[in-house]
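Me: Hey, could you zoom in on one packing contact in this model for me? I'd like the geometry and who takes part, then how the surroundings look.

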Amino acid sequence: MAENIQSDKMMGESGASNSNAISQSETTDSNITKKRKKRSIVWDHFTEIITSEGSTKAKCDYCFIEYCFKTKDGTSTLLSHMFKCPKRPAIVDKKQSNLGFQSVPGGSQGDIVVVTWKFDQEECRKALCRMVIVDELPFSFVEKEGFRDFMKVAQPYFRIPSHSTVTRDCFDLFNEEKQKLKRSFIETKQRGINKIFTVTVDNASSNDVTVKELSKQLTKMETNLMNGNHLHVRCMAHIMNLVVQDGLKESSVSIERVRHAVRYVRQSPARLKRFQECFDDEQLNCKKTLCLDVPTRWNSTYLMLRRAVEFESVFSHYASSEIGLRHYLEHSYIEVGIPTGELLSSDWENVKRITKFLEIFYLLTLKISGSRYVTSNIYFLEICAVAVYLKQLIANEDTVLSEMAKKMKEKFNKYWGDPGKMNKIIFISCILDPRYKLESVGYALVKMFGEDPGTTIQAEVKKYMTSLFCEYVKSSSKGVVLASSSDCSSLDTSTSGLSGNQVSTQNTGLLESLMQDIKKYKSGSGGVDTKIELDKYFGEETEDDSKEFDVLLWWKLNSARFPVLAEMARDVLAVPVSSVASECAFSTGGRLLDSFRSSLTPKLVQALVCLQDWLRNEKLKQHVSVEEDIDKIEQLEQDLANDGKDPSVIDV
């Protein structure tokens with residue numbers, strides 16, 4: 001019995017021991033399996049193999065190189081190879097952001113930062129749509145073999161849309177950008193097409209009739225401010241063109257001689273080549289060439305003379321060795337019976353003075369024709385500067401310039417000689433520039449028209465500005481700030497306008513009720529004791545006149561102090577003083593529809609043309625300097641020649 005019990009006890013202990021052993025074995029196998037579970041990213045690019053010797057290695061899936069590794073902490077070598085493997089394809093994880101490098105905006109050259117990048121199919125489609133629009137590519141471009149092969153290498157995850165999808169994307173982008181533009185107009189409180197403030201046109205007589213008819217229609221619509229007295233703005237650039245053209249009619253024969261000399265050189269490639277060879281003889285390092293003017297465009301005449309003056313010594317050298325030029329000038333005519341004659345040194349002196357004289361008007365035309373900055377605030381001051389300059393030239397001893405100035409002054413007085421016929425908005429826009437205000441305009445008026453007329457005009461301008469300000473007070477959503485106590489309706493603070501329940505019949509509550517009503521009125525009106533906006537604006541000191549001054553930014557920052565005046569300034573300062581920019585924008589010269597776009601519907605063409613203008617940034621709109629490009633190309637050719645390469649093969 002005892003033996004059986006002892007045997008059973010031993011059997012139990014043995015069974016327990018065996019059970020424990022099995023349990024430990026299973027646990028060990030589980031731990032081994034757990035330890036051998038491949039969690040590293042390297043195993044997406046490596047395969048574990050067992051060699052013939054029985055050792056375990058990892059083989060690269062791309063270049064098939066084998067590496068020894070340890071089962072624990074042995075993947076660092078594999079990880080290093082994974083990033084350096086030359087045959088490993090570029091893999092993009094669409095669910096995770098990747099690291100990239102980007103230059104720091106506004107930083108110095110070489111400043112870069114690490115940024116995250118994530119593949120986005122929709123953003124890629126929008127970028128493709130912009131490329132098609134800006135570069136004027138056909139929609140079928142996305143289905144071309146070359147583009148598809150390129151995208152397979154550049155971004156294989158991008159699903160290239162069909163031409164129909166790209167067309168729909170263009171319409172969607174057009175509607176999106178159009179809504180942004182509408183919201184911008186609403187948020188900035190633009191006047192819109194039915195509330196026209198001014199119309200800037202050239203001096204064609206037909207425009208006078210058109211503007212009058214437009215004024216009548218705006219009056220019927222009850223949106224014609226001041227009965228349209230300032231609606232018609234004459235293009236300053238066109239007037240300046242007429243003024244200078246009259247002056248050039250009285251210029252000397254020197255301009256004609258230079259024009260004929262330039263025409264002779266440019267008529268033949270052989271002559272032009274011989275003229276360029278004179279650069280080397282005169283030791284001139286210049287890549288520029290001669291330009292011939294269009295006689296009806298005075299600015300092109302100025303550019304021709306300016307370039308010709310730079311080549312004075314070259315012309316002299318060319319004339320001494322090229323008898324054909326002297327013969328051409330002797331047998332050509334300025335007018336019937338008036339020969340051109342030989343180009344003399346005195347002619348070059350005259351041309352230099354005329355060029356310096358025309359430069360002032362050329363730079364002025366460029367300044368007033370800009371579309372990226374305010375121009376109306378400088379309109380009147382520039383006119384005054386021209387008037388003073390012409391007066392000085394008329395009294396000049398140089399008979400050539402004096403006669404030119406007299407003719408120009410006659411044309412000048414036709415448009416700007418009578419202040420009563422001048423649009424008063426050009427004075428107000430200058431007053432609304434905090435650098436000038438009323439004092440500068442008054443001084444300029446006196447300088448231009450004399451003491452008594454200038455003072456009278458200044459008073460009329462101030463009165464007109466006050467009336468215009470009152471119109472903005474009436475149309476303002478607030479409608480509470482007054483121009484002056486005498487010009488606008490005075491403030492009525494009597495109790496006659498108060499209802500019976502507002503004024504207590506009890507003597508003790510009468511004053512308290514009245515004060516509550518006054519507080520409500522002051523809280524809604526900004527206070528009756530606040531200084532009037534116009535008087536406050538005129539009373540403050542003028543701002544410093546600097547090139548960095550931004551008049552629009554100043555009004556934006558001070559709109560809280562001058563709410564109604566700022567709204568008025570937004571409309572007045574937006575007036576363009578030149579129609580050159582708008583004429584260029586709507587000019588069809590050089591903008592012919594190609595065979596692709598001519599086959600599209602008018603709606604789609606409209607979307608593409610508008611989008612192209614909206615999407616193009618400033619860099620794409622910059623003027624391309626051909627002269628600078630020539631310098632770069634020639635420098636590149638020289639570098640290639642020094643390196644022993646063929647300079648004729650250049651990727652321009």
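Reply: Here's a walk through one helix pair, followed by the cores and one loop residue.

Quick ground rules: this is a predicted model, with local features needing pLDDT of at least 70 and side-chain atom pairs counting only at pLDDT 80 or more, while totals for chains, interfaces and linings use all residues. Numbering runs from 1 along each chain as its sequence is written, and side-chain values use heavy atoms, with hydrogens and water left out.

The chain has 26 helices and 9 strands (DSSP runs numbered from the N terminus: H or I of at least four residues for helices, E of at least two for strands). The pair to look at is H9 (residues 269-281) and H11 (residues 312-321), packed at about 120° with axes 9 Å apart. Those axes are lines fitted to C-alpha atoms over the stretch in contact, and angles run from 0 to 180 degrees between N-to-C directions. H9 and H11 are therefore oblique to each other; under 35 degrees would be roughly parallel, over 145 roughly antiparallel, 65 to 115 roughly perpendicular, and the rest is oblique. Their crossing is right-handed, so the near helix is turned clockwise from the far one by less than a right angle.

Who makes the contact (heavy atoms within 4.5 Å)? From H9 it's Arg-271, Arg-274, Phe-275, Cys-278, Phe-279 and Asp-281, and from H11 it's Val-314, Phe-315, His-317, Tyr-318 and Ser-321. That splits into 6 nonpolar, 2 polar and 3 charged, where Ala, Val, Leu, Ile, Met, Phe, Trp, Tyr, Cys and Pro count as nonpolar, Asp, Glu, Lys and Arg as charged, and the others, Gly among them, as polar.

Phe-315 turns up again in the largest nonpolar core: of its 101 residues, Phe-315, Trp-416 and Trp-555 touch the most other members. A core here is a set of buried Ala, Val, Leu, Ile, Met, Phe, Trp, Tyr and Cys residues joined through side-chain atoms within 4.5 Å; buried is under 20% relative accessible area, exposed over 50%, partly exposed in between (1.4 Å probe, protein chains only). Helix H13 (residues 345-368) gives this core its largest share, 9 residues. Beyond four places in sequence, Trp-555 contacts residues including Leu-432, Tyr-537 and Phe-562.

For contrast, Asp-61 sits in the loop between strands S2 (56-60) and S3 (66-68). At 33% relative accessibility, Asp-61 is partly exposed, and beyond four places in sequence it touches Asp-44, His-45, Phe-46 and Thr-47.

Methods:
Contact means heavy atoms within 4.5 Å.
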